[in-house]
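I opened this notebook to keep track of what I looked up, entry by entry. The topics are one helix residue, the charged pairs and the enclosed spaces.

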Amino acid sequence: MALKTSEANYRNLFNVMREGFALHDIICNEAGQPVDYRFLEVNPAFETLTGLAREDVVGNTVRHVLPGTEDFWIETYGRVALTGEPTRLENTATDIGRTFEVLAYCPAIGQFATIFTDITDRKRTEQELRTSEERFRKAFVTSPDAIAITRLGDGRFVSVSPGFAQVFGYSQDELLGTSALALWKSPGARDDMISAVTEGREIREYEATLVTHYGEIDALLSAAVIELNGVPHLLTITRDITARKQAEARVRQLSSTVEQSPASIVITDMQGAIQYVNPKFTQITGYTFDEVVGE
């Protein structure tokens with residue numbers, strides 16, 4: 001009675017377990033080398049995870065069921081079956097396009113059993129993460145912009161790009177571990193930026209005056225909060241817009257000079273069509289701006 005109860009419990013576990021299970025016997029050549037293996041039993045989870053029906057598998061060899069099986073796997077499982085030493089590994093079944101985490105052990109000499117879970121999605125996610133990290137690394141290293149990662153709390157640099165070192169005139173080694181606060185003309189402006197970004201607002205064009213080894217610059221910053229090992233950090237991308245701001249100031253100054261000039265000033269295109277006249281022109285001629293532009 002106890003034996004029947006034990007067998008019933010085993011069968012119930014066999015049928016309801018979420019992990020795939022398969023029992024095999026190893027097939028060796030005359031030299032005793034593993035060359036194939038035969039499926040003896042599989043559970044329902046095996047069918048679900050592999051897409052292979054029990055009736056198509058049990059009694060058949062792996063080379064018949066999965067012709068693309070590499071010799072490596074037969075040799076690996078052969079060692080388990082012949083030596084009794086268990087192993088844990090990841091197995092990509094190319095014939096069914098899935099990757100499994102497998103525990104293989106020896107229930108009896110000449111046999112091996114596998115318990116496995118499908119890790120295809122996890123491996124795909126890991127690969128996508130590696131690809132994303134590689135893209136970020138390349139952008140970080142090659143960007144002419146100044147990219148930095150600082151601790152959100154004390155503002156200390158944990159990573160700076162070559163572009164950052166070039167813009168600010170310090171080596172990467174000189175910057176790492178120091179505080180970004182020293183590079184802000186107004187530390188309060190940095191606090192305002194951090195407050196905005198931690199509240200979930202997008203920081204794409206935040207203007208600030210920063211202090212470099214060469215002097216002050218006008219900067220345009222983008223910022224976002226990222227997590228490194230579960231700890232929040234600040235990622236910033238800084239662009240030096242000093243030259244642009246100086247050019248804009250010169251344009252404004254020139255515009256003011258032209259507007260206030262006591263001389264009549266007319267600007268035309270290459271064909272002689274009037275593009276601009278200043279107030280003195282309209283005063284002298286009596287024409288309005290709209291009457292002459294385009295003539």
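**Entry 1: T120.** I began with T120, which is buried, its relative accessible area being 7%; I note here that the model is a predicted one. Since the cut-off for buried is under 20% relative accessible area, the 7% of T120 puts this residue in that class. I then looked up where T120 sits, and found it in helix α6, which covers residues 120-142. Setting aside the neighbours within four places in sequence, I found T120 in contact with G97, R98 and T99.

**Entry 2: charged pairs in helix α6.** I next turned to the salt bridges, of which the count over the structure comes to 15. As background to this search, I wrote down that side chains of opposite charge can pair when their charged atoms come close.

The pair I looked up to start with was R124 and D121, which form a salt bridge with their closest N and O atoms 2.9 Å apart. Both residues lie in helix α6, and they are three residues apart, about one turn of the helix. I checked the accessibility of each partner: R124 is partly exposed at 43% relative accessibility, and D121 is partly exposed with a relative accessible area of 47%.

I then took E126 and K123, whose salt bridge has its closest N and O atoms 3.6 Å apart. Because E126 and K123 are three residues apart in helix α6, about one helical turn separates them. Here too I looked up both partners, and recorded E126 as partly exposed with a relative accessible area of 28% and K123 as partly exposed with 26%.

**Entry 3: D154 and R156, and a network.** Another salt bridge that I looked up joins D154 to R156, with the closest N and O atoms 3.8 Å apart. D154 is partly exposed, with a relative accessible area of 31%, and R156 counts as partly exposed at 35% relative accessibility. I also asked which residues are joined into one network by salt bridges that share partners. The residues of that network are E90, R122, K123 and E126.

**Entry 4: the largest cavity.** I searched the whole structure for enclosed space, and two cavities of 30 Å³ or more were found. The largest of them has a volume of about 370 Å³. This cavity is lined by 24 residues, of which Y37, L66, Y77, N91 and A93 are the closest to its centre. Among the elements that give two or more residues to this lining are the strands β1 (20-28) and β2 (34-42) and the helices α2 (44-50) and α5 (71-83). The largest share of the lining, three residues, comes from β3. By class, I noted 14 nonpolar, eight polar and two charged residues in the lining of the largest cavity.

**Entry 5: the second largest cavity.** For the second largest cavity I recorded a volume of about 120 Å³. Its lining has 15 residues, and the closest to its centre are F157, F164, A180, W184 and T236. At least two lining residues are supplied by each of β6 (146-151), α7 (162-168), α9 (187-198) and β10 (231-240), and the largest share, three residues, comes from β10. I closed the entry with the classes of this lining, which are eleven nonpolar, three polar and one charged.

Conventions: Residues numbered from 1 in each chain as written. Predicted model: local features only at pLDDT ≥ 70, side-chain atom pairs only at ≥ 80, totals over all residues. Heavy atoms only, no water. 1 Å grid on protein atoms, 1.4 Å probe; cavity = no way out; pocket = protein on both sides within 12 Å on 5 of 7 lines; lining within 4 Å. Points joined across faces, edges and corners; volume = space filled by probe spheres on them. Helix = DSSP H or I, 4+ residues; strand = E, 2+ residues; numbered from the N terminus. Nonpolar A, V, L, I, M, F, W, Y, C, P; charged D, E, K, R; others polar. Buried < 20%, exposed > 50% of the residue type's maximum accessible area, 1.4 Å probe, protein only. Contact = heavy atoms within 4.5 Å. Salt bridge = Lys/Arg side-chain N within 4 Å of Asp/Glu carboxyl O.
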